Amino acid sequence: MTPLETTIAPLKVVGTRAVRIDAVDKATGHARFAPDLNLEGMLHARILRSPHPHARVISIDASRAWKVPGVRVILPAGEVPRVVGTWFNLRSEKEIKKLFMQDDKVRFVGDPVLAVAAENEEAAAEALDVINVEYEVLPHVFDPFEALARDDIKIHARGNVGFHVLKEYGDLEQGFAQADVVVEHRYVTSKQKHASLEPCATCIADYSSGRLTLWSASQVPHWVLMYLGLTHNLPVSRIRVIRPYVGGAFGSRAGVVPGSELMCTFLARKAGRPVRLAFSREEDFSTTESRHPFTIDMRSGVTRDGLLVAADAHIVMDVGGYGTHFVSVLADALGTGVGFYRVPNYRFEGTCVFTNKVLGGAFRGYGNPQFNFAQEQQIDALAEAIGMDPIELRIKNYRGAGEVDPVFGVQVGSDGFKECLWRGAEAIGWKGWRERKPAPAALETAGNATPSGVSGIKRGIGLAAHQHGTGARFGLPDPSSAIVMVNVDGSIDLLTACADDGQGNRTVLAQIAAEVLGVRLEDVTVSDTDTAVAPLDAGTHGSRQTYCGGVAVMRAAADARAKVLDLAAEYLGTSASRLTITDGAVRDAEAPDTSVDLPTLMRHFQVGDFSRCHQVIGSESGVTEAQPPVFGATFAEVEVDTETGQVKVVKMVGAFDIGAAINPAHCEGQITGGLTMGVGYALTEGLIIEEGRVVNPGFRDYKVLRADDVPELIPVLVESHEPTGPFGAKGLGEATMISSAAAIANAVHDAIGVRMCELCITPERILTALQESQQR
Amino acid sequence: MTASRVSMVVNGARRELLVEPHERLVDILRGRLGLLGVKEGCGEGECGTCTVLLDGKAVSSCLMLAAQADGCEILTIEGLSAEGTLHPLQEAFIREAAIQCGYCTPGMILAAKALLDRELDPSEGAVRRAISGNICRCTGYDKPVKAILAAARQMREDAR
Amino acid sequence: MTRGFAPEEYAAPQSVEEAVRLLVDHGPGAGVIAGGTDLLVRRPEELELLVDVSRLGLDGVEEEERGGLRVGACVTAAALEEDVRVVGRGCWGVLSEAAAALGTPTVRNRATLGGNLSNGSPAADLAVAVLAAEGKVETAGSGIRRFIPIEKLFRGPGQTCLHPDEIVVAVHLPPPQVGEAGAFLKLRRHQTAVDIATVSTAVVVRMEGGECRHARIALGAVAGTPMLATEAASFLTGKELTADVVRQAGEIAAREARPIDDIRASASYRRQMVAVLVRRALETAWGRCRA
């Protein structure tokens, strides 16, 4: 792409703290989310769910349910396809076969067995109560290691291994032979839930006159469109996916929600009336996707002068009953983990294992937070062992600008990693703390001392870093498209199917369009996210909207701009190359008096000159040139109460190389939100599953942080200017939480001298670790 | 089933309704009065998205029977800018980029209003405590807290 | 078959007598609602009649002639938290500290003292405080009015000695004494300010000179009911409080506790934490006595 942005200066809209375009709607309560929609004649559906972790449905007796007044449709789940893949599988006939499955088994407690649609929710609920399902209960397995060992239990026909990868780089044995220090730990991560404030999920489907319409909060409306086309055997032109406002997603809607959209559309087709299917908060927490737990055995070696020479990582990933995003989640752990540091001898082995638990899926960070928790604690331990500042060790070994990662062959373009580390360190007071803090030996003693009262509180500071790709240019179909229409009065319509879960990407894309077209932000109207209106877009995942969507909007706007300039050149009798657009008017740079404002120009060519009468439309559809890594460094300051094991995170600094901030206020909001979610991941957030049942399916016992729980949060924006990005921007959303847990674990280690290798880091685990270290 | 007659003032207008014993305040506000700015996020008083002001106090409308609101005055987010002008809290939330997905916003603004109606110069700690019943998954609370403090400043100036 | 929460009738009586009569007349299937913050979470299926006790005028706090305090059953946690007559006043102070630790602000605005006691939760914050403050629970039933010492109220998780047609009317607290102070401490899962107690304790001590004349130590979430650590309390009585004595009292209390494993913590962690919390609470209360 011609660096158009270099010709636009000074920037007037991009880089400003523009107010988000939906802020007033949301502040006044007028924003309509899926649970707020109501269609005339709408039926209400409920799902009957399996009480067994593993069973075959032998028969369903719904005779009494049909007698419940108001019951209209009863649909066994076995008649509806499940999605067990991602849009990766859309690429060929062969792959499409792997995308769906349909059978009469249930594989976790809460797995849908059947759906009822009735005139009201009470009738649907009553019907569920009187349906008898006969199950053949099958032996189950909850632990992934046990699942690997048990040949007698086959969760899927192919067995319990969903995917296995072994990648070897260099010579591992030789690498460890070069190492002066080797550390080895087993890390275990938790099953974090997205816990968006709008429960996941509510959708409404309507099938009439041969057309299917779905209102869904999906982050990827166009992929849902294609899933519906394939499963309903309808042309996608007869299907419309509309996305209302969405109350947070974080990956929970990166596809269709299990038991939601497909079930609802099949119900609507059977009913011939609109159907609404809404999950309760409990259903959200206990039956929809969550972050995959990883068990990671990791051995890492370093030389005395700080060269990482070898790493050996073995991952067992607990997929749950079904895999949707799982191969790609493991691939992302591989790419971001192995890709980050220049470790010449690296072995990475990963196994995705099915278990009879609620399934995992996409979640902010996508495999990276899990592996990062291990790798970044390893780095910290190695730095300590050789007496090197962990910042220095990281700078010495990371892959920077111009280098190519060995996994996907991605070359690093923009690189602000060192600035992330330096500015983050400054903000947390790294240097001063390291100079003041007692030597490690003294710390051990401090940990051993009998604590009394508040004197038992120990303070520590820790750091963890990461890189995370923007978009999925090299791993998935990853299109973005945009149409820019210049209207008769000079106002702009921007058609995009970007899915805004609250990040503000509709606003950011409008800022980009406004800047390129030389108009004010308020002159741009962004379309609804509606597949009948807006062109193909891969939606929101992989921190891609500002970058991928931004590139598409930039190109479409540039296309429109060039056309506007051509018309203006004709109108003004000059050459387009002399013209520019600022403040809503086309001007001759060298002759300030020669200008025409957009309304005049557009009126002339749209409705004034009858021989012309056409609209300026700019468009773009395609992919980005790159998949640029976002670098980041997270710093945590903690206080550990050695009597209760309670950790209090008092300060978090998140420094992220975002390329460029199109809207700094939005970037800060992403960072403070991501860090908060990261503190939760480290300390409090994890589904607890007993005998296959989620026993904390709500905010009472699944603790997300509240306003008086959060530490001081300091966002640091590093702008390295990505050459392939719109105005230099790359991604951010996921990066903000990836290295939080490792940073906190490293800070805890700094405080009390013990390494916390298991998430969540609970008070009991801290006390146990302290007691074990005292016994040593 | 015996319905109860309930008379309440909602966003300044008197409403007379027949409500059933199991109906919660949130059901009536959303389902019957169409006040969809009142959200429901958990149904057990933990998330705060259904927060409304009941005689000036922030309550979870999912943890109250509609019948119990008889004789009460209720304010929802729709009533905060009823005359077309935004409340200083709404303006501050907009200006300070304190809104992301927006699902917690109505409840949080109302919880903040209950605080500012009692204390126009709250500490940051008091603000955080006042909105501790309102979970936000997007912002990390940083900008909402700043917005509430900014609104308080504005309201103090306006009061002068 | 589950019928869900489906009461058929709601009544808002204007007097205690009327409320009791409604409960008596309806018999089983009648239940009481006040703030609703517990009932509407549990959503009991068996309820047919809901008797709303929030309009009986039970929301007053009065200082009694003999110096005691009568707190109406429908006084909310928010009101207790801020009541200047209660905050920091000898044994009463633990009530406002416990009230401040209860739930979220929206819950505190509705949750009542009577409800917190009647639900019989072993972790109920106000119950633990009333236990330490040696409160008496005034109830009204069919033809009876009882004053139940708080330690007799609880029978087991979710169970009290209240009859189905008996309602809590008020809680009576004894007059604060010279040299008396209390402290309430609540351990939550870390980094969370809003949580059900993992372990809680309320202590009240009365000091004369350097000597402890009287002590009461209540514990929450470490047994089937809120409980008193009587041995730890009698260990303190007559002793000069030193760091060591206070530590020992904590350890005795830990031995008295009968915790279980649950989603929030293991029994052994809870027991360890009783020792820590009781010691810290005693240190705080002791400091307040001296102040």
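**Sheets, a chain contact and a helix crossing**

Student: Which residue in β10(C) stands opposite C:Val71?
Tutor: This is a predicted model, in which local features need pLDDT of at least 70, side-chain atom pairs count only at pLDDT 80 or more, and totals for chains, interfaces and linings use all residues. Residues are numbered from 1 along each chain as its sequence is written, while chains are lettered from A and ligands numbered from 1 in the order in which they are written. Strand β5 (residues 69-72) and strand β10 (residues 167-173) of chain C run antiparallel and are joined by 4 bridges, where strands (E, at least two residues) and helices (H or I, at least four) are DSSP runs numbered from the N terminus. In β10(C), the residue opposite C:Val71 is C:Val171.

Student: Which are the edge strands of the open sheet in chain C?
Tutor: The 5 strands of this sheet follow the order β4-β5-β10-β6-β7 with antiparallel pairing, and two strands pair if DSSP finds at least two bridges between them. Each edge strand pairs on one side only, and these strands of chain C are β4 (61-63) and β7 (144-149).

Student: Which residue in β29(A) stands opposite A:Lys458?
Tutor: An open sheet of chain A has 4 strands in the order β20-β29-β30-β33, with mixed pairing. Within it, β20(A) pairs with β29 (residues 629-641) in the antiparallel sense over 13 bridges. Opposite A:Lys458 in β29(A) stands A:Val640.

Student: Is α19(A) parallel, perpendicular or oblique to α21(A)?
Tutor: The axes of α19(A) and α21 (residues 740-752) of chain A come within 8 Å and cross at roughly 60°, axes being lines fitted to C-alpha atoms, for helices over the stretch in contact, with angles from 0 to 180 degrees between N-to-C directions. Angles under 35 degrees count as roughly parallel, over 145 as roughly antiparallel, 65 to 115 as roughly perpendicular and the rest as oblique. The crossing angle therefore makes the relation of α19(A) to α21(A) oblique.

Student: How many residues of the contact of α19(A) with α21(A) are charged?
Tutor: Among the residues that meet are A:Leu675 and A:Tyr681 in α19(A) and A:Ile744 in α21(A), contact being C-beta atoms, placed from the backbone, within 7 Å. Ala, Val, Leu, Ile, Met, Phe, Trp, Tyr, Cys and Pro count as nonpolar, Asp, Glu, Lys and Arg as charged, and the others, Gly among them, as polar. The residues of this contact divide into 7 nonpolar and 2 polar, and the number charged is none.

Notes:
Contact = placed C-beta atoms within 7 Å.
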